Amino acid sequence: MIGAGAGLSTSAGFVYNGDQFRKHFSDFEAKSGFWQMTAKNPKATYACINRGEALCPHEIERQSICMDADIGNVINQLK
């Protein structure tokens, strides 16, 4: 399982963590718990590409890919 798919809309200016996400979707964050789901599944990988706020809890560091970058630039480099 890779959790990066939903985060790709970051290129449109929306991120799945941080103040704006919590302000508008705190109920979704509380229900989903991306970090908790990753911690419970040893086969899961948490991916975060977010300029200025690419982070994860210490508990899932070994299962995480965090890049302090602009998702749009990252996608363009993959083309």
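Okay, one definition before anything else: when I say exposed, I mean a relative accessible area over 50%, buried means under 20%, and partly exposed is whatever falls in between. By that yardstick arginine 51, at 59%, is exposed. Keep that residue in mind, we'll be back to it shortly.

So, what have we got? This is a predicted model, by the way. The protein chain has three helices and two strands, and going along the sequence the order is α-α-β-β-α. There are 79 residues in the chain, and 28% of them count as buried. The accessible surface is about 5,700 Å², with carbon and sulfur atoms making up 55% of that. And if you take the contacts with a separation of 6 or more, 30% of them are between residues 24 or more positions apart.

Right, back to arginine 51. How many salt bridges does the structure hold? Just one. The partners are arginine 51 and aspartate 70, and their closest N and O atoms sit 3.3 Å apart. Arginine 51 is in the loop between strand 1 (46-49) and strand 2 (64-67), while aspartate 70 is in the loop between strand 2 and helix 3 (71-78), so the pair ties together parts 19 residues apart in sequence. Aspartate 70 has a relative accessibility of 24%, so we call that one partly exposed.

Aspartate 70 has another contact too. At the start of helix 3, one of its side-chain oxygens comes to within 2.8 Å of the backbone nitrogen of glycine 72.

Now look at aspartate 68, which is also in the loop between strand 2 and helix 3. Aspartate 68 is exposed, at 56% relative accessible area. Which residues does aspartate 68 touch, once you skip those up to four places away in sequence? They are Asn50, Arg51, Gly52 and Ala54. A polar atom of the aspartate 68 side chain lies 2.6 Å from the backbone nitrogen of glycine 52. And the C-alpha atoms of aspartate 68 and glutamate 53 are 6.6 Å apart, with their positions 15 residues apart along the chain.

On to helix 3 itself. Ile71, Gly72 and Val74 are buried there. Looking down the axis, the buried residues of helix 3 fall within an arc of 160 degrees, so they line one face of the helix. What covers them includes strand 1 and strand 2.

Next, the loop between strand 1 and strand 2 again, where you'll find glutamine 63. Is glutamine 63 buried or exposed? Buried, with a relative accessible area of 17%. Its side chain reaches the backbone oxygen of alanine 44 at 3.1 Å. Leaving out neighbours within four places in sequence, the contacts of glutamine 63 are Thr38, Ala39, Asn41, Pro42, Ala44, Thr45 and Tyr46.

Last thing, the cysteines. How many disulfides does the structure hold? Zero. The cut-off for calling one is sulfur atoms within 2.5 Å. For cysteine 48, the closest cysteine sulfur is in cysteine 66, 5.1 Å away, so that's too far for a bond. For cysteine 56, the closest is again in cysteine 66, at 3.9 Å, and that's too far as well. Cysteine 48, I should add, is buried, with a relative accessible area of 5%.

That's me done, shout if you want to look at any of these on the screen.

Notes: Residues are numbered from 1 along each chain as its sequence is written. This is a predicted model: local features need pLDDT of at least 70, side-chain atom pairs count only at pLDDT 80 or more; totals for chains, interfaces and linings use all residues. Side-chain values use heavy atoms; hydrogens and water are left out. Helices (H or I, at least four residues) and strands (E, at least two) are DSSP runs, numbered from the N terminus. Buried means under 20% relative accessible area, exposed over 50%, partly exposed in between (1.4 Å probe, protein chains only). Contact means heavy atoms within 4.5 Å. Accessible areas come from the Shrake-Rupley method with a 1.4 Å probe; for residues, only the protein chains shown count as cover. A salt bridge is a side-chain nitrogen of Lys or Arg within 4 Å of a carboxyl oxygen of Asp or Glu. A polar contact is a pair of N or O atoms within 3.5 Å; within protein, one must be able to donate a hydrogen and the other to accept it, and residues adjacent in sequence count only if both atoms are side-chain atoms. The arc is that of the directions from the helix axis to the C-beta atoms.
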